[in-house]
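Open the model in a viewer and keep the sequence panel visible. The stops below are meant to be selected in turn.

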Amino acid sequence: MPDQTTNDALPTLDPRATGRDRLAVGLLWLPVLVVAATALLWWDRLPARLPQQWDATGVTTTAPTEVLLAITGGIALLGALAGLAALARGTADIRRTLLLIAGCAAGLSTGIWLVSAGLVIATGTPEPAAGGWPLLGVLLGAFGLIPFALSPRRPIGQVPRSPASVPLAESETGAWFTTMNVPMFLWLAGILGVATVGIAVLSVALGGPGSGGAVTVGLVALCCLAFGRLRVSVDRRGLRVVSALLGVPLRYLRLDQIVSARAQTIVPMEWGGWGYRIMPGRSAIVVAGGPGIVVERTNGTLFAVTVPEPELPAALLSTLAAR
Amino acid sequence: MLFRVDQASTVSIAEQLAVQVRAAVADGTLAPGTRLPPARELAGALDINMHTVLRAYAQLRDDGILEMRQGRGASVRADAGAGTVRLVELADALLAEARKHGVALPELLTLITTRG
C-alpha cells in the first residue's frame, strides 16, 4: 500500500546522565559503605544471632548474624548497582524512579542492619529492648528521596507539535486493525497450564496442600494466555487493545483522552519490562521489543503498545484525535 | 490494515471496503491467512451497518480472496494474492465491456467455455 501518512521531524531529549545524576548514583554507595564499615568495626563483638523483630515485651525473633548481614548488605549493594544501571541512556525516562526505589530499598535495609546490630553493640546484650529505635530504621528508607531529588526532573510527553497525520476528507472515516500473535506468552501459558494441572492433581492426591498454589499458577497462566494474541484497533472511538483469545478488553483509550500519537521504537527496559506495565506517568502493553505506538494523553501521561508497522495507526490516531 | 469509508462517495460503501481489501491482498499488506476484523467490529469502528460489511466480505469470498468459517470469521485465503486480485479485476472489466456491447451473460460464458 502507498504511504498514507505525512510526517514531520521528531525532536528528542538528551538521554545522557547529567552531573547531578552521577552524584545521585554515587550517593547510593553510601548505604553499602555504612553497612560494610559497621560490620567490620563491630564483627568481633556481635553475637551469633541478631534480633529481627520486637514486640512490647521484647525480642520475638532472631536471625543468624551472617544471614542478616548478607540480606541487608546485599540489598544495599543491589541498590547501588541499580543506580549504575540507571545511568544508561536507555533508562533516561525512568531514571528518577529507579533511583528512588533503589535508594529507599538500600536505606531501609541499612536501617534494619544499624538498628539490629547497633542496639546489640550499644546495650551489650544479645536481646536488647528496642524502644522507638526500629522506627528510625524504617525512617532511613526515606534515604531514597535524596538521589530522587538530586536527579533532575525530565519533562514527560515529548510529543512533537505536529505529529504525522493521515489526510482524511470531511466525509471520510478511517479504522485500522491488526492482530498480533505472541508465541512467547502462548508457550508460557501452555507450560503454566500443564503445571496447574500437575499441581492440582498432586494436591488432590495428597489431600489438600497446594490447592492455593494451583489457583495462583492457573491465574498466571490465564494472564499469559490473555497476551497470547492481541487485537489492536484505532478508529473513531479511540485506541483499543483486546485479548483476541479471551475476548477481554485490556486497554481502551477514548479519543477525547488522547492528545496525539506517534510511532516510536519501544525498548522494554524504558517501559518497565514485558507484558502490561504501569509506572509513574506512563503505562504500556509490551509484547515485543521494537516498533510501537506511543500515545500522549490529555492528563499528561503516556501509553504505549507494541505493534509492527506503527506509523499508519499512530498517524490515524493523531488525525482522529485532532478532529 | 487501514479501512477508510467516504460517505460522500458515489461508490457504495461495501464496494469501497472490497476495493481496499483487494488492494491490500494484491500488494501484500494482507498476507494469506491474515484474519479480517469481525464484521460487527469493523461496522462499529466505521459507524456503518454490519450487513454492509458482510456484503463486502461475501463479495470477496465469491471472488476467491477470502474464506469464511463458522466461528473463525473471515481470513485471506492461502492461495489468494496479486494473481487472484488481477483475475477479479479482468473479469469485472470483461463484464463491463460485454454490457456495453449488449452481450448477455450466457453468451459471454459460452464465449469463455469454448476457449477453455
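The tour goes from overall confidence to the contact between the chains, then through strands, sheet, cores and one single residue.

**Before selecting anything**

This is a predicted model, in which local features need pLDDT of at least 70 and side-chain atom pairs count only at pLDDT 80 or more, while totals for chains, interfaces and linings use all residues. Residues are numbered from 1 along each chain as its sequence is written, and chains are lettered from A and ligands numbered from 1 in the order in which they are written.

**Stop 1: colour by confidence**

Colour both chains by pLDDT, the predictor's confidence in each residue, from 0 to 100. Chain A has a mean of 85, with 92% of its residues at 70 or more. Chain B averages 89, and 100% of its residues score at least 70. Within chain B, select helix 3 (residues 50–62), whose mean pLDDT of 93 is the highest among the elements of that chain, and then helix 4 (residues 82–100), which has the lowest at 86. Helices (H or I, at least four residues) and strands (E, at least two) are DSSP runs, numbered from the N terminus. For the model as a whole, ipTM is 0.75 and pTM is 0.62.

Now select residues 157–162 of chain A, where pLDDT stays under 50. The model has 13 contacts for this stretch beyond four places in sequence; two residues are in contact if their C-beta atoms, placed from the backbone, lie within 7 Å.

**Stop 2: where the chains meet**

Show both chains and select the residues in contact: 16 from chain A and 18 from chain B. On the side of chain B that touches chain A, strand 1 (2–6), helix 1 (13–26) and helix 2 (39–46) of chain B each supply at least two residues. Strand 1 of chain B gives the most, with five residues. By type, this side of chain B divides into 11 nonpolar, two polar and five charged residues. Here Ala, Val, Leu, Ile, Met, Phe, Trp, Tyr, Cys and Pro count as nonpolar, Asp, Glu, Lys and Arg as charged, and the others, Gly among them, as polar.

Next, select strand 3 (residues 172–181) of chain A together with strand 1 of chain B. They pair in the antiparallel sense over five bridges; two strands pair if DSSP finds at least two bridges between them. To find the register, label A:Gly174, which stands opposite B:Arg4.

**Stop 3: two hairpins in chain A**

Select strand 4 (residues 229–235) and strand 5 (residues 238–243) of chain A, an antiparallel pair with six bridges. Two residues form the hairpin connection between strand 4 and strand 5 of chain A, and A:Asp235 has A:Gly238 as its bridge partner.

Extend the selection to strand 6 (residues 248–254) of chain A, which runs antiparallel to strand 5 of chain A and is joined to it by six bridges. A:Leu239 stands opposite A:Leu253. This hairpin has four residues between the strands, and A:Gly247 takes a positive phi near 70°.

**Stop 4: the five-stranded sheet**

Which strands form the open sheet in chain A? Its order is 7-10-11-9-8, with mixed pairing. Strand 7 (258–266) and strand 8 (275–279) of chain A are the edge strands, each pairing on one side only. The twist averages 15° from one strand to the next.

At one edge, strand 8 of chain A pairs antiparallel with strand 9 (residues 282–286) of chain A over five bridges. A:Met279 stands opposite A:Arg282 there.

Add helix 9 (residues 311–322) of chain A. Helix 9 lies across strand 7 and strand 10 (290–297) of chain A, at about 170° to strand 7 of chain A. Axes are lines fitted to C-alpha atoms, for helices over the stretch in contact, and angles run from 0 to 180 degrees between N-to-C directions.

**Stop 5: the nonpolar cores**

A nonpolar core is a set of buried Ala, Val, Leu, Ile, Met, Phe, Trp, Tyr and Cys residues joined through C-beta atoms within 7 Å. A residue is buried if 20 or more other C-beta atoms lie within 10 Å of its own, exposed if 12 or fewer, and partly exposed in between, with C-beta atoms placed from the backbone.

The largest core has 71 residues; A:Ile293, A:Val295, A:Ala304, A:Leu316, A:Leu317 and B:Val25 touch the most other members. Centre on A:Leu317: beyond four places in sequence, its contacts include A:Val234, A:Leu239, A:Ile258 and A:Ile293. Another core, of 32 residues, lies apart from the largest one and has among its members A:Ala24, A:Val35, A:Ala80 and A:Ala117.

**Stop 6: A:Leu136**

Finish at A:Leu136, in helix 5 (residues 133–139) of chain A. Is A:Leu136 buried or partly exposed? A:Leu136 counts as partly exposed because it has 13 C-beta neighbours inside 10 Å. Leaving out residues up to four places away in sequence, A:Leu136 touches A:Gly111 and A:Val115.
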